[in-house]
Amino acid sequence: MTSASRASAAPDLTLAGNAGVRHDWSLAEIEALFALPFNDLLFRAQQVHRSHFDANAVQVSTLLSIKTGACPEDCKYCPQSGHYNTGLDKEKLLEIDKVVEQAKAAKEAGASRFCMGAAWKSPREQDLEVVLAMVERVKALGLETCMTLGMVDAGQASRLAEAGLDYYNHNLDTSPEYYGEIITTRTYADRLETLGNVRQAGMKVCSGGILGMGEAPRDRAALLQQLVKLDPHPESVPINMLVKVPGTPLADVEDLDPIEFIRAIAVARILMPKSHVRLSAGREQMEESTQALAFLAGANSIFYGDRLLTTGNPQVERDRALFAKLGLHPERRETCADDDHQQASLESAMAHRAGQAQAAELAYDASGA
(Lines give C-alpha, C1' and ligand atoms only; values in the text may rest on other atoms or scores of the structure.)
Protein backbone atom coordinates (compact mmCIF):
# COMPACT_ATOMS: atom_id res chain seq x y z
CA MET A 1 0.00 0.00 0.00
CA THR A 2 1.32 3.46 -0.90
CA SER A 3 1.89 6.18 1.70
CA ALA A 4 -0.97 8.14 0.21
CA SER A 5 -3.41 5.27 0.55
CA ARG A 6 -2.19 4.58 4.09
CA ALA A 7 -2.80 8.18 5.04
CA SER A 8 -6.27 8.09 3.48
CA ALA A 9 -7.23 5.22 5.80
CA ALA A 10 -6.43 7.19 8.95
CA PRO A 11 -9.40 9.61 9.05
CA ASP A 12 -11.87 6.70 9.16
CA LEU A 13 -10.49 5.49 12.50
CA THR A 14 -11.41 6.75 15.94
CA LEU A 15 -8.46 8.40 17.66
CA ALA A 16 -6.87 5.42 19.37
CA GLY A 17 -6.09 7.21 22.61
CA ASN A 18 -9.76 8.00 23.14
CA ALA A 19 -11.18 4.63 22.07
CA GLY A 20 -12.68 2.29 24.65
CA VAL A 21 -12.41 -1.48 24.94
CA ARG A 22 -14.09 -3.10 21.97
CA HIS A 23 -14.74 -6.65 20.82
CA ASP A 24 -16.35 -5.79 17.48
CA TRP A 25 -13.37 -4.63 15.42
CA SER A 26 -13.94 -5.50 11.78
CA LEU A 27 -11.16 -7.01 9.71
CA ALA A 28 -11.21 -3.89 7.50
CA GLU A 29 -10.67 -1.64 10.54
CA ILE A 30 -7.75 -3.75 11.76
CA GLU A 31 -6.16 -3.80 8.32
CA ALA A 32 -6.54 -0.02 8.20
CA LEU A 33 -4.55 0.22 11.45
CA PHE A 34 -1.81 -1.97 9.98
CA ALA A 35 -1.78 0.32 6.92
CA LEU A 36 -1.18 3.54 8.85
CA PRO A 37 2.11 5.38 8.37
CA PHE A 38 4.53 3.82 10.85
CA ASN A 39 4.96 6.97 12.94
CA ASP A 40 1.21 7.50 13.18
CA LEU A 41 0.65 3.89 14.23
CA LEU A 42 3.25 4.05 16.99
CA PHE A 43 1.90 7.40 18.17
CA ARG A 44 -1.59 5.96 18.52
CA ALA A 45 -0.27 2.86 20.26
CA GLN A 46 1.63 5.06 22.71
CA GLN A 47 -1.52 7.01 23.48
CA VAL A 48 -3.33 3.81 24.36
CA HIS A 49 -0.42 2.38 26.30
CA ARG A 50 0.11 5.46 28.45
CA SER A 51 -3.59 5.70 29.26
CA HIS A 52 -3.52 2.26 30.91
CA PHE A 53 0.05 1.48 31.98
CA ASP A 54 3.28 2.97 33.26
CA ALA A 55 5.02 3.52 29.92
CA ASN A 56 8.41 2.45 31.31
CA ALA A 57 7.34 -0.63 33.32
CA VAL A 58 7.75 -4.16 31.97
CA GLN A 59 6.14 -7.20 33.56
CA VAL A 60 8.72 -9.95 34.07
CA SER A 61 8.00 -13.69 34.18
CA THR A 62 10.12 -16.82 34.45
CA LEU A 63 9.31 -19.91 32.37
CA LEU A 64 10.20 -23.53 33.05
CA SER A 65 9.66 -26.57 30.82
CA ILE A 66 8.25 -29.23 33.15
CA LYS A 67 7.96 -31.87 30.40
CA THR A 68 9.96 -31.67 27.18
CA GLY A 69 9.62 -33.32 23.76
CA ALA A 70 7.63 -36.19 22.20
CA CYS A 71 4.50 -34.09 21.74
CA PRO A 72 1.92 -35.83 19.47
CA GLU A 73 0.91 -32.54 17.83
CA ASP A 74 2.34 -31.66 14.38
CA CYS A 75 2.75 -27.88 14.83
CA LYS A 76 5.20 -27.05 12.04
CA TYR A 77 7.10 -24.50 14.13
CA CYS A 78 7.70 -26.63 17.21
CA PRO A 79 10.94 -28.49 18.05
CA GLN A 80 9.03 -30.51 20.68
CA SER A 81 6.79 -32.22 18.11
CA GLY A 82 7.33 -35.95 17.88
CA HIS A 83 6.71 -35.67 14.13
CA TYR A 84 10.08 -34.01 13.43
CA ASN A 85 13.71 -34.82 14.11
CA THR A 86 15.16 -31.71 15.76
CA GLY A 87 17.70 -33.38 18.02
CA LEU A 88 15.75 -32.40 21.13
CA ASP A 89 16.16 -34.77 24.04
CA LYS A 90 12.90 -36.16 25.40
CA GLU A 91 12.38 -35.64 29.11
CA LYS A 92 9.77 -36.96 31.53
CA LEU A 93 7.61 -34.77 33.74
CA LEU A 94 9.84 -33.04 36.28
CA GLU A 95 9.64 -33.99 39.93
CA ILE A 96 7.60 -31.60 42.05
CA ASP A 97 10.52 -30.72 44.32
CA LYS A 98 12.65 -29.71 41.34
CA VAL A 99 9.91 -27.42 40.05
CA VAL A 100 9.50 -25.82 43.47
CA GLU A 101 13.25 -25.32 43.68
CA GLN A 102 13.22 -23.46 40.38
CA ALA A 103 10.23 -21.41 41.50
CA LYS A 104 12.02 -20.39 44.68
CA ALA A 105 15.01 -19.28 42.63
CA ALA A 106 12.74 -17.27 40.36
CA LYS A 107 11.14 -15.55 43.34
CA GLU A 108 14.53 -14.77 44.87
CA ALA A 109 15.46 -13.22 41.53
CA GLY A 110 12.39 -11.01 41.83
CA ALA A 111 10.05 -12.65 39.30
CA SER A 112 6.37 -12.08 40.06
CA ARG A 113 5.01 -14.90 37.91
CA PHE A 114 6.22 -18.47 37.43
CA CYS A 115 5.13 -20.18 34.20
CA MET A 116 5.26 -23.93 33.61
CA GLY A 117 4.94 -25.60 30.20
CA ALA A 118 4.45 -29.25 29.22
CA ALA A 119 4.59 -30.73 25.71
CA TRP A 120 1.22 -32.47 25.68
CA LYS A 121 -1.84 -32.49 23.45
CA SER A 122 -3.77 -32.59 26.72
CA PRO A 123 -2.81 -33.78 30.22
CA ARG A 124 -3.50 -37.34 31.34
CA GLU A 125 -5.18 -37.87 34.69
CA GLN A 126 -2.02 -39.27 36.31
CA ASP A 127 -0.02 -36.27 35.12
CA LEU A 128 -2.71 -33.76 36.08
CA GLU A 129 -2.52 -34.88 39.70
CA VAL A 130 1.18 -34.05 39.74
CA VAL A 131 0.61 -30.74 37.96
CA LEU A 132 -2.03 -29.72 40.51
CA ALA A 133 0.46 -30.33 43.31
CA MET A 134 3.00 -28.17 41.47
CA VAL A 135 0.51 -25.33 41.24
CA GLU A 136 -0.37 -25.53 44.92
CA ARG A 137 3.24 -25.53 46.08
CA VAL A 138 4.38 -22.76 43.72
CA LYS A 139 1.34 -20.68 44.67
CA ALA A 140 2.24 -21.15 48.33
CA LEU A 141 5.52 -19.36 47.65
CA GLY A 142 3.58 -16.17 46.89
CA LEU A 143 4.08 -16.26 43.13
CA GLU A 144 1.50 -15.85 40.40
CA THR A 145 1.21 -19.15 38.55
CA CYS A 146 0.74 -19.89 34.85
CA MET A 147 0.66 -23.16 32.91
CA THR A 148 0.45 -24.35 29.33
CA LEU A 149 -0.54 -28.02 29.09
CA GLY A 150 -2.35 -28.22 25.76
CA MET A 151 -6.10 -28.68 25.55
CA VAL A 152 -8.07 -28.86 28.81
CA ASP A 153 -11.74 -29.69 29.27
CA ALA A 154 -14.08 -27.92 31.67
CA GLY A 155 -13.37 -30.32 34.52
CA GLN A 156 -9.61 -30.07 34.16
CA ALA A 157 -9.79 -26.27 33.99
CA SER A 158 -11.88 -26.17 37.17
CA ARG A 159 -9.40 -28.36 39.02
CA LEU A 160 -6.49 -26.19 37.92
CA ALA A 161 -8.33 -23.09 39.11
CA GLU A 162 -9.14 -24.70 42.45
CA ALA A 163 -5.44 -25.54 42.90
CA GLY A 164 -4.65 -21.84 42.57
CA LEU A 165 -3.61 -21.45 38.94
CA ASP A 166 -3.82 -17.79 37.96
CA TYR A 167 -3.14 -17.89 34.21
CA TYR A 168 -3.54 -20.50 31.50
CA ASN A 169 -1.63 -20.11 28.22
CA HIS A 170 -3.13 -21.45 25.01
CA ASN A 171 -2.13 -19.63 21.83
CA LEU A 172 -4.29 -19.36 18.71
CA ASP A 173 -1.03 -19.21 16.72
CA THR A 174 -2.39 -17.70 13.48
CA SER A 175 -5.58 -16.86 11.60
CA PRO A 176 -8.39 -19.42 11.18
CA GLU A 177 -7.76 -19.32 7.42
CA TYR A 178 -4.03 -20.10 7.64
CA TYR A 179 -4.23 -22.45 10.62
CA GLY A 180 -4.50 -25.63 8.52
CA GLU A 181 -1.16 -24.85 6.90
CA ILE A 182 0.52 -25.00 10.32
CA ILE A 183 -1.35 -27.62 12.37
CA THR A 184 -3.57 -30.59 11.48
CA THR A 185 -3.76 -32.51 14.78
CA ARG A 186 -5.93 -29.94 16.59
CA THR A 187 -8.60 -27.64 15.19
CA TYR A 188 -9.04 -23.91 15.69
CA ALA A 189 -12.35 -24.67 17.39
CA ASP A 190 -10.47 -26.93 19.84
CA ARG A 191 -8.26 -24.01 20.81
CA LEU A 192 -11.19 -21.65 21.30
CA GLU A 193 -12.99 -24.28 23.38
CA THR A 194 -10.00 -24.61 25.70
CA LEU A 195 -9.88 -20.84 26.14
CA GLY A 196 -13.59 -20.86 26.94
CA ASN A 197 -13.10 -23.59 29.55
CA VAL A 198 -10.26 -21.62 31.14
CA ARG A 199 -12.32 -18.43 31.32
CA GLN A 200 -15.38 -20.26 32.63
CA ALA A 201 -13.24 -21.73 35.43
CA GLY A 202 -12.31 -18.22 36.53
CA MET A 203 -8.67 -18.19 35.43
CA LYS A 204 -6.97 -15.43 33.47
CA VAL A 205 -6.18 -16.07 29.82
CA CYS A 206 -2.79 -15.85 28.14
CA SER A 207 -3.20 -16.20 24.37
CA GLY A 208 -1.46 -14.81 21.32
CA GLY A 209 0.24 -16.03 18.19
CA ILE A 210 3.37 -16.56 16.15
CA LEU A 211 4.38 -14.27 13.30
CA GLY A 212 6.74 -15.06 10.42
CA MET A 213 5.36 -18.52 9.57
CA GLY A 214 4.77 -17.59 5.94
CA GLU A 215 1.36 -16.05 6.63
CA ALA A 216 -0.02 -13.11 4.65
CA PRO A 217 -0.52 -9.67 6.25
CA ARG A 218 -4.27 -10.34 6.30
CA ASP A 219 -3.64 -13.41 8.46
CA ARG A 220 -1.91 -11.29 11.08
CA ALA A 221 -4.92 -8.96 11.15
CA ALA A 222 -7.32 -11.92 11.34
CA LEU A 223 -5.38 -13.47 14.25
CA LEU A 224 -5.69 -10.25 16.25
CA GLN A 225 -9.37 -10.05 15.37
CA GLN A 226 -9.91 -13.50 16.90
CA LEU A 227 -8.16 -12.43 20.10
CA VAL A 228 -10.20 -9.22 20.25
CA LYS A 229 -13.44 -11.19 19.98
CA LEU A 230 -12.65 -12.94 23.28
CA ASP A 231 -14.66 -11.31 26.07
CA PRO A 232 -12.90 -10.20 28.13
CA HIS A 233 -9.70 -9.77 26.15
CA PRO A 234 -6.81 -12.04 27.17
CA GLU A 235 -5.01 -10.52 30.13
CA SER A 236 -1.72 -11.51 28.52
CA VAL A 237 -1.09 -11.49 24.75
CA PRO A 238 2.25 -13.03 23.70
CA ILE A 239 3.38 -11.93 20.24
CA ASN A 240 6.04 -14.39 19.11
CA MET A 241 8.49 -14.10 16.23
CA LEU A 242 9.07 -17.52 14.68
CA VAL A 243 12.30 -19.15 15.82
CA LYS A 244 13.36 -21.29 12.88
CA VAL A 245 14.53 -24.63 14.26
CA PRO A 246 16.39 -27.05 11.94
CA GLY A 247 14.33 -30.19 11.41
CA THR A 248 10.97 -28.43 11.51
CA PRO A 249 9.00 -27.73 8.29
CA LEU A 250 9.37 -23.97 8.84
CA ALA A 251 13.15 -24.03 9.21
CA ASP A 252 13.70 -22.27 5.88
CA VAL A 253 10.70 -19.93 5.72
CA GLU A 254 11.46 -16.37 4.66
CA ASP A 255 12.22 -13.98 7.52
CA LEU A 256 9.52 -11.51 8.53
CA ASP A 257 10.49 -7.85 8.18
CA PRO A 258 11.03 -6.54 11.75
CA ILE A 259 8.99 -3.43 10.95
CA GLU A 260 5.98 -5.64 10.15
CA PHE A 261 6.47 -7.40 13.48
CA ILE A 262 6.47 -4.03 15.28
CA ARG A 263 3.30 -3.07 13.44
CA ALA A 264 1.61 -6.16 14.88
CA ILE A 265 2.74 -5.22 18.41
CA ALA A 266 1.31 -1.71 17.97
CA VAL A 267 -2.00 -2.91 16.55
CA ALA A 268 -2.34 -5.46 19.37
CA ARG A 269 -1.82 -2.67 21.87
CA ILE A 270 -4.51 -0.50 20.26
CA LEU A 271 -7.01 -3.35 19.99
CA MET A 272 -6.46 -4.70 23.52
CA PRO A 273 -5.66 -1.60 25.57
CA LYS A 274 -5.77 -3.20 29.02
CA SER A 275 -3.88 -6.39 28.16
CA HIS A 276 -0.22 -7.03 28.77
CA VAL A 277 1.36 -7.46 25.33
CA ARG A 278 4.35 -9.76 25.65
CA LEU A 279 7.43 -9.50 23.46
CA SER A 280 7.92 -13.23 23.58
CA ALA A 281 9.79 -15.81 21.49
CA GLY A 282 12.34 -14.54 19.02
CA ARG A 283 13.97 -11.90 21.22
CA GLU A 284 17.26 -13.81 21.01
CA GLN A 285 17.48 -12.92 17.32
CA MET A 286 16.32 -9.31 17.68
CA GLU A 287 18.56 -6.29 17.60
CA GLU A 288 18.30 -3.91 20.54
CA SER A 289 16.72 -1.34 18.25
CA THR A 290 13.92 -3.77 17.33
CA GLN A 291 13.22 -4.54 20.97
CA ALA A 292 13.22 -0.83 21.76
CA LEU A 293 10.65 -0.21 19.02
CA ALA A 294 8.54 -3.06 20.42
CA PHE A 295 8.45 -1.41 23.84
CA LEU A 296 7.63 1.92 22.19
CA ALA A 297 4.82 0.19 20.29
CA GLY A 298 3.25 -1.00 23.54
CA ALA A 299 4.92 -4.28 24.50
CA ASN A 300 5.15 -4.39 28.28
CA SER A 301 5.96 -7.96 29.23
CA ILE A 302 8.91 -10.32 28.69
CA PHE A 303 10.30 -13.59 29.93
CA TYR A 304 13.41 -13.23 32.06
CA GLY A 305 16.13 -15.87 32.11
CA ASP A 306 18.52 -17.78 29.89
CA ARG A 307 16.01 -20.22 28.35
CA LEU A 308 12.39 -20.34 27.23
CA LEU A 309 11.19 -23.95 27.21
CA THR A 310 13.64 -25.40 24.64
CA THR A 311 15.23 -22.38 22.96
CA GLY A 312 17.47 -19.53 23.98
CA ASN A 313 16.45 -16.24 25.52
CA PRO A 314 18.50 -13.04 25.70
CA GLN A 315 21.15 -13.40 28.35
CA VAL A 316 20.55 -11.73 31.69
CA GLU A 317 23.32 -9.18 31.17
CA ARG A 318 21.83 -8.12 27.87
CA ASP A 319 18.40 -7.61 29.42
CA ARG A 320 19.87 -5.63 32.29
CA ALA A 321 21.86 -3.43 29.94
CA LEU A 322 18.88 -2.87 27.63
CA PHE A 323 16.59 -1.95 30.54
CA ALA A 324 19.18 0.52 31.78
CA LYS A 325 19.72 1.98 28.32
CA LEU A 326 15.99 2.48 27.74
CA GLY A 327 15.14 3.58 31.28
CA LEU A 328 12.81 0.61 31.82
CA HIS A 329 12.08 -1.10 35.12
CA PRO A 330 10.26 -4.28 36.21
CA GLU A 331 6.56 -3.74 36.73
CA ARG A 332 5.39 -3.63 40.31
CA ARG A 333 2.68 -6.19 40.77
CA GLU A 334 -0.24 -5.82 43.17
CA THR A 335 0.01 -9.55 43.88
CA CYS A 336 3.41 -9.12 45.51
CA ALA A 337 3.43 -8.69 49.26
CA ASP A 338 6.27 -6.20 49.12
CA ASP A 339 6.59 -4.48 45.76
CA ASP A 340 9.57 -2.34 46.69
CA HIS A 341 11.48 -5.37 47.90
CA GLN A 342 10.49 -7.38 44.81
CA GLN A 343 11.65 -4.74 42.38
CA ALA A 344 14.92 -4.27 44.23
CA SER A 345 15.45 -8.03 44.27
CA LEU A 346 14.90 -8.34 40.54
CA GLU A 347 17.20 -5.47 39.65
CA SER A 348 19.85 -6.75 42.05
CA ALA A 349 19.58 -10.28 40.63
CA MET A 350 19.89 -9.01 37.07
CA ALA A 351 23.06 -7.12 37.98
CA HIS A 352 24.48 -10.04 39.98
CA ARG A 353 23.91 -12.59 37.23
CA ALA A 354 25.37 -10.22 34.68
CA GLY A 355 28.52 -9.98 36.79
CA GLN A 356 28.76 -13.74 37.07
CA ALA A 357 28.40 -14.12 33.32
CA GLN A 358 31.10 -11.55 32.61
CA ALA A 359 33.50 -13.11 35.08
CA ALA A 360 33.09 -16.49 33.42
CA GLU A 361 33.42 -14.93 29.96
CA LEU A 362 30.14 -16.32 28.81
CA ALA A 363 27.36 -15.39 30.00
CA TYR A 364 15.42 -18.50 24.45
CA ASP A 365 11.53 -19.75 22.80
CA ALA A 366 8.26 -20.12 24.05
CA SER A 367 5.06 -19.37 22.54
CA GLY A 368 3.31 -18.93 25.77
CA ALA A 369 2.36 -17.84 28.93
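This section describes helix packing and selected loop residues in a predicted model.

Helix α3 comprises 15 residues, running from 38 to 52, and at 1.5 Å a residue it should span 21 Å; the C-alpha atoms at its ends are 22 Å apart, which agrees with that expectation. Within α3, the residues Phe38, Leu41, Leu42, Arg44, Ala45, Gln46, Val48 and His49 are buried. An α-helix has 3.6 residues a turn, so residues three or four places apart point the same way. The partners against which the buried residues of α3 pack are three helices, namely α2 (27-34), α9 (258-271) and α10 (288-296).

Two of these partners, α2 and α9, also pack against each other, their axes coming within 9 Å and crossing at roughly 130 degrees. This angle makes α2 oblique to α9, and the crossing in which α2 passes α9 is right-handed. On the α2 side the contact involves Ile30, Leu33 and Phe34, which meet Arg263, Ala264, Val267, Ile270 and Leu271 of α9. Sorted by class, the residues of this contact are 7 nonpolar and 1 charged, with no polar residue present.

A second helix pair is formed by α5 (residues 125-139) and α6 (residues 154-163), for which the packing angle is about 25 degrees and the axes lie 8 Å apart. Because angles under 35 degrees count as roughly parallel, α5 is assigned as roughly parallel to α6. As with α2 and α9, the crossing of α5 past α6 is right-handed. The contact draws on Glu125, Leu128, Glu129, Val131, Leu132, Val135 and Glu136 from α5, and on Gln156, Arg159, Leu160 and Ala163 from α6. In terms of residue class, the contact of α5 with α6 contains 6 nonpolar, 1 polar and 4 charged residues.

Gly164 is placed in the loop between α6 and β4, and with a relative accessibility of 16% this glycine counts as buried. When neighbours within four places in sequence are set aside, Gly164 is in contact with Val135, Lys139 and Thr145; of these, Val135 also takes part in the contact of α5 with α6. Gly164 and Lys139 are separated by 25 residues in sequence, while the distance between their C-alpha atoms is 6.5 Å.

Two further loop positions concern the backbone geometry. Most residues other than glycine have a negative phi, and most peptide bonds are trans. Asp173, although not a glycine, has a positive phi of about 75 degrees. This aspartate lies in the loop between β4 (167-169) and α7 (188-200), and its relative accessibility of 1% means that Asp173 counts as buried.

The peptide bond leading from Asp231 to Pro232 is cis, with omega near 0 degrees. Pro232 is situated in the loop that connects α8 (217-229) with β7 (236-241), and at 38% relative accessibility it counts as partly exposed. Excluding residues up to four places away in sequence, Pro232 touches His23 and Arg199. The C-alpha atoms of Pro232 and Arg22 are separated by 9.5 Å, although the two residues are 210 residues apart along the chain.

Key:
Residues numbered from 1 in each chain as written. Predicted model: local features only at pLDDT ≥ 70, side-chain atom pairs only at ≥ 80, totals over all residues. Heavy atoms only, no water. Helix = DSSP H or I, 4+ residues; strand = E, 2+ residues; numbered from the N terminus. Expected span 1.5 Å × (residues − 1). Buried < 20%, exposed > 50% of the residue type's maximum accessible area, 1.4 Å probe, protein only. Contact = heavy atoms within 4.5 Å. Axes fitted to C-alpha atoms, helices over the stretch in contact; angles between N-to-C directions. Parallel < 35°, antiparallel > 145°, perpendicular 65-115°, else oblique. Left-handed = near helix turned anticlockwise from the far one by under 90°. Nonpolar A, V, L, I, M, F, W, Y, C, P; charged D, E, K, R; others polar.
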